[in-house]
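Please look through the structure below before reading on. The paragraphs after it go from the way the chains meet to the sheets, the pockets and a few local details.

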Number of protein chains: 2
Amino acid sequence: MASQHITSIFKGGMEFETELHNHKVKIDLFEKDGGKNQGPEPKALMLVSLAGCTGVDIVMILNKMKVGFSNFSIDVDAQLTESVPRIYEFVKLTYRIRVKKHDESKVEKAVDLSQNKYCSVSAMFRKFAKLETEIQFEL
Amino acid sequence: MASQHITSIFKGGMEFETELHNHKVKIDLFEKDGGKNQGPEPKALMLVSLAGCTGVDIVMILNKMKVGFSNFSIDVDAQLTESVPRIYEFVKLTYRIRVKKHDESKVEKAVDLSQNKYCSVSAMFRKFAKLETEIQFEL
């Protein structure tokens, strides 16, 4: 069975550092919460994980389909529950991308494949949040 | 309703960059997967989020309890499902910490409070994975 292992080391204040594939990833809290903002706050990293997971799917699928694209970005808008623990309960992914008009349906296919077949982080998010997607084709 | 917003921008290859509280967070894939390893792969960032979320809880609670501690780290061991999408299905958090003997029960209380009350990322993980915890007191 495949597994992953990380170790997060407390560095003082509210800061933790994790070595991940030879990259150091820090988390911290804002000053108002007792930290020194030496890194992002931990929860929002889940949104980076989500955008990255589906993002690389789209790139891989479009590359396989030999679809040229540019200006690709993904917006994530996430709403939190009112009560503690404040989990993400509604998440919207907006894919912004520029492709030739006749390739737009291929982008729609790529987003569908990522969301409904390949993207593990989206699959995990769907276990606790309502996840919606939108594609905006850039001119 | 509180919300969070991020934008992840495609930088070429398999790399995406996200600005998060004035910190740039990159994700990428390994060379074997078509990337250049300019940042961690996206899914594992969820484990960093998990360790950080519960880690800052423990620090805040121990500080409030005026419990001195050192050598604090958190191991995360995560097992993935065999089938695609490969989500985390079993996750073990091992808290390693050095405290005075008479403060050990306070660490247990802090872990319990984080896991069962405050840590939103743990609460989200519990919606898709079995989550276990262990405390190892360092000498």
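The interface residues of chain A are, to 100%, also interface residues in chain B, so the copies meet through the same surface. This is a predicted model. When chain A is laid on chain B, the RMSD is 0.0 Å, and the operation needed is a turn of 180 degrees with a shift of 0.0 Å along the axis. The two copies are therefore related as by a two-fold rotation axis.

Chain A is a convenient place to start. Its C-alpha trace spans about 55 × 35 × 35 Å along its principal axes. Chain A contains three helices and six strands. Read from the N terminus, the order of elements in chain A is β-β-β-α-β-β-α-α-β.

The next topic is how the strands are arranged. One open sheet has six strands in the order S3(A)-S2(A)-S1(A)-S4(B)-S5(B)-S6(B), and its pairing is mixed. At its edges are strand S3 (23–27) of chain A and strand S6 (130–137) of chain B, each of which pairs on one side only. From one strand to the next, the twist averages 20 degrees. Within this sheet, strand S2 (residues 15–20) of chain A and S3(A) run antiparallel and are joined by five bridges. A:Leu20 has A:His23 in S3(A) as its bridge partner. Helix H1(B) packs on the sheet: from chain A it touches S1, S2 and S3, and from chain B strand S4 (70–80), strand S5 (88–98) and S6. The direction of H1(B) makes about 145 degrees with that of S4(B).

A further open sheet of six strands follows the order S6(A)-S5(A)-S4(A)-S1(B)-S2(B)-S3(B), again with mixed pairing. Which strands stand at the edges of this sheet? They are strand S6 (130–137) of chain A and strand S3 (23–27) of chain B; each has a single partner strand, so one side of each is left without a neighbour in the sheet. Neighbouring strands here are turned against each other by 20 degrees on average, direction ignored. The two chains join where strand S4 (residues 70–80) of chain A pairs with strand S1 (residues 3–12) of chain B, in the antiparallel sense and over seven bridges. In this pairing, A:Ala78 stands opposite B:Gln4 in S1(B). Helix H2 (residues 104–118) of chain A packs on the sheet, where it touches strand S5 (88–98) and S6 of chain A. The direction of this helix makes about 160 degrees with that of S6(A).

The pockets come next. Rolling a probe the size of a water molecule over the atoms shows where empty space is left. The largest pocket holds about 680 Å³ of space. Its lining consists of 21 residues, and those nearest its centre are A:Leu29, A:Asp33, A:Lys43, B:Asp57 and B:Met60. Two elements give two or more residues to this lining, helix H1 (45–64) and helix H2 (104–118) of chain B. Of these, H1(B) provides the largest share, six residues. Sorted by class, the lining of the largest pocket has twelve nonpolar, two polar and seven charged residues.

The second largest pocket holds about 570 Å³ of space. It is lined by 21 residues, and A:Tyr118, A:Ser120, B:Glu41, B:Lys43 and B:Arg86 lie nearest its centre. In chain A, strand S1 (3–12), helix H1 (45–64) and helix H3 (120–125) each supply at least two residues of this lining. Which element gives the largest share of the lining of the second largest pocket? It is H1(A), with four residues. By class, the lining of the second largest pocket has twelve nonpolar, three polar and six charged residues.

Some backbone details remain. In chain A, the peptide bond joining A:Val84 and A:Pro85 is cis, with omega about -5 degrees. A:Pro85 has its place in the loop between S4 and S5 of chain A. In chain B, the peptide bond from B:Val84 to B:Pro85 is also cis, with omega near -5 degrees, and B:Pro85 lies in the loop between S4 and S5 of chain B. A:Asn71, found in strand S4 of chain A, has a positive phi of about 50 degrees although it is not a glycine.

Conventions
Residues numbered from 1 in each chain as written. Chains lettered and ligands numbered in written order. Predicted model: local features only at pLDDT ≥ 70, side-chain atom pairs only at ≥ 80, totals over all residues. Heavy atoms only, no water. Pairing = 2+ DSSP bridges. Axes fitted to C-alpha atoms, helices over the stretch in contact; angles between N-to-C directions. Contact = heavy atoms within 4.5 Å. 1 Å grid on protein atoms, 1.4 Å probe; cavity = no way out; pocket = protein on both sides within 12 Å on 5 of 7 lines; lining within 4 Å. Points joined across faces, edges and corners; volume = space filled by probe spheres on them. Nonpolar A, V, L, I, M, F, W, Y, C, P; charged D, E, K, R; others polar. Least-squares fit on C-alpha atoms with pLDDT ≥ 70 in both.
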